[in-house]
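Visitor: I am new to reading structures, and I would like to learn how the words people use are tied to values. Could you show me one and let me ask about it?

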Amino acid sequence: MITMGIQRLARLLRRLPALPGAKEPELLIGAVLCGVAVLAALFGPMLLGGDPAAQDLFHVLQPPSWSHPCGTDAFGRDILLRLVYGLRLTIMEIAVSLVVAAGVGVPVGLCAGMAPAWLDSAIMTVSDVVFAFPGLILALLVVSLMGPGLFHALLAIAAFSIPVYIRLARNLTVSLRHSVWVEALQVLGASRARILFLHILPNAATPLLVQATLSSGTVVLSAASLSFLGLGAQPPLPEWGTMMSDGRNALGAAFWPCLFPGLAIAAAVIGLNCLGDGLRDRFDSSSRR
Amino acid sequence: MSRLLRRAAALPLIMLGVSAAVFVAIHALPGDPARLMAGPQAPESTIMALRVRLGLDQPLGAQYLHFLERAAHGDFGISLRDGSPVSTVIVERLPYSLALGGLAYLLALLVGVPGGAFAAAREGSWGDRLLMAATLVGASLAGFWVALLGMEVFAVRLRWLPLMGAGDWRHYVLPALVLSLLPMAMILRMTRAGAREVLRQDYIRTARAKGLSPWTTITRHALRNALAPVVTVVALNLGGLISGAVVTETVFDWPGVGRLLVDSVRYRDYPVIQGVTLLSVLGVLLANLLAEGVIARFDPKARGA
């Protein structure tokens, strides 16, 4: 049942219209936003200077000004500086959860695609069981078992993305394994592992990369949600969700400690979604497999 | 119909797998629920008695069978936090979550379906572009951020709406709007995609050729056929709605199941966490099954083996 559901959703998602008009602007918007983000994460701290945790209790909740373009928070910390350091954290979050999710999901999916039917269906059933959990519920379960903390939150987020990679890698493998060149490799005596990892994986890389880009937006939103709930990154880490959770207490007196981290999240997620959609459209023929 | 029955039959099996996974995960923990429940100052004898009473002294397999037997009777154990039965705690909170989630879905459908139909009818127009850009932004915003800004503007500054909590209809406005954002964006995009595809069919050309206006063509002929993907997206996004509800309920201090879960995670109240998790998975599976049924009812092509 869920299998069919996922297949149907995948089919539907592929039919989702990208931004209307030309396809390229979307790719451009995404690439520019993501490029600016990477540059800001690399050089921002150097340009701005200062310690993101440095408190200045004489200048708490200062509105945006020339010296503090995004204002200061309830501890007098510069919000722009914290946002830039938060960007580094965000990139790290994406990297960790993608590496874990794809690192587990892709090899399992590749093997399922080549495995005998009974093993394939066993793996897919387990994957479907995990997929039946609403994302954040599974994440909360994992965090409640392992304890709060950014790393645990990232593992939790990776946990609910694993089934997506398993299914995608498996379907790609199934579609490729009967192609002529795979049969030729088999005739030449190549081992199953060699065929899977040296020949099928490179051919499946593009759709997997598109999927990774598209799920990066979800990672950013989920990590911020968990941190906002106090179950992910802990203060004083300048994680965007944590910053908003801090800013929440100042609402009524100052809105900027909440406003700017939310804008940063929106910009990052819009950039990643545009990039993912744009890449999907560009490589449509390969992601349709 | 037989496929539907087969899927319905698979549902208990999947639930069994999910419950076993959750049960084993929770019981593999280093901590001792009896010690947690009795409190830090409890003497060893009390903890031992509690362990026997909760059945924690038995092997894991026996505990799981015992859990299944009680769960079949609606008994999911006792909350470690306040000592009342888990089922009672959940049933008390459930109406609040259902009301909020139902309202959010209703809003999403009321805006998403006409919006998507409009965008498809005027494909490429500025209205279409604007709506598509809005859905992209709507799906990229953090719900709790929109919630906080909404509270700041409408509750703190303008004082039009209450800040948080549940009460009369005005308490529903902000949380339901926030929760509806993501499904609204998805439904709008799906309706547009579905309607666009249907609008290319021959029978639509016939309808237009006999002189019907574009709007009548869409509402009377196209929409009915374009809605199957919308039903699927609504059902498959129930998981997303539940995830969103957890955060939204916590921000607005809404007394629903989502906030109950967050509070229980903070207190490590495992019986409640287990109960809420199983309930939400069951909800998602049932919604999928329902969507299959609805689609099979409206789309004869989907009924095959």
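Visitor: What makes the ends of helix 8 of chain A closer than a straight helix would put them?

Guide: Let us set the values side by side. Helix 8 of chain A (residues 192-228) has 37 residues, and its end C-alpha atoms are only 46 Å apart, short of the 54 Å of a straight helix. The expected span is 1.5 Å times one less than the number of residues. A helix here is a DSSP run of H or I with at least four residues, numbered from the N terminus, while a strand is a run of E with at least two. The helix also bends by about 50° at A:L201, and a proline, A:P202, follows within four residues. That bend is the angle between axes fitted to the seven residues ending at a residue and the seven starting there.

This is a predicted model, where local features need pLDDT of at least 70 and side-chain atom pairs 80 or more, while totals for chains, interfaces and linings use all residues. Residues are numbered from 1 along each chain as its sequence is written, and chains are lettered from A and ligands numbered from 1 in the order in which they are written.

Visitor: What comes after that helix?

Guide: A:G230 follows helix 8 of chain A, with a positive phi near 85°. In the loop between helix 8 and helix 9 (240-248) of chain A lies A:P236, and the peptide bond from A:P235 to A:P236 is cis, with omega near 5°. Most residues other than glycine have a negative phi, and most peptide bonds are trans.

Visitor: Why is A:L61 called partly exposed?

Guide: A residue is buried with 20 or more other C-beta atoms within 10 Å of its own, exposed with 12 or fewer, and partly exposed in between; C-beta atoms are placed from the backbone. A:L61 has 16 such neighbours inside 10 Å, so it counts as partly exposed. Its phi is positive, about 50°, although it is not a glycine.

Visitor: And why is B:D253 called exposed?

Guide: B:D253 has 12 other C-beta atoms within 10 Å, so it is exposed. This residue sits in the loop between helix 11 and helix 12 of chain B, and its phi is positive too, about 55°.

Visitor: How many residues does each chain give to the contact?

Guide: Chain B gives 53 residues and chain A gives 44, where contact means C-beta atoms, placed from the backbone, within 7 Å. Helix 1 of chain B supplies the largest share of the side of chain B that touches chain A, nine residues.

Terms used:
Two residues are in contact if their C-beta atoms, placed from the backbone, lie within 7 Å.
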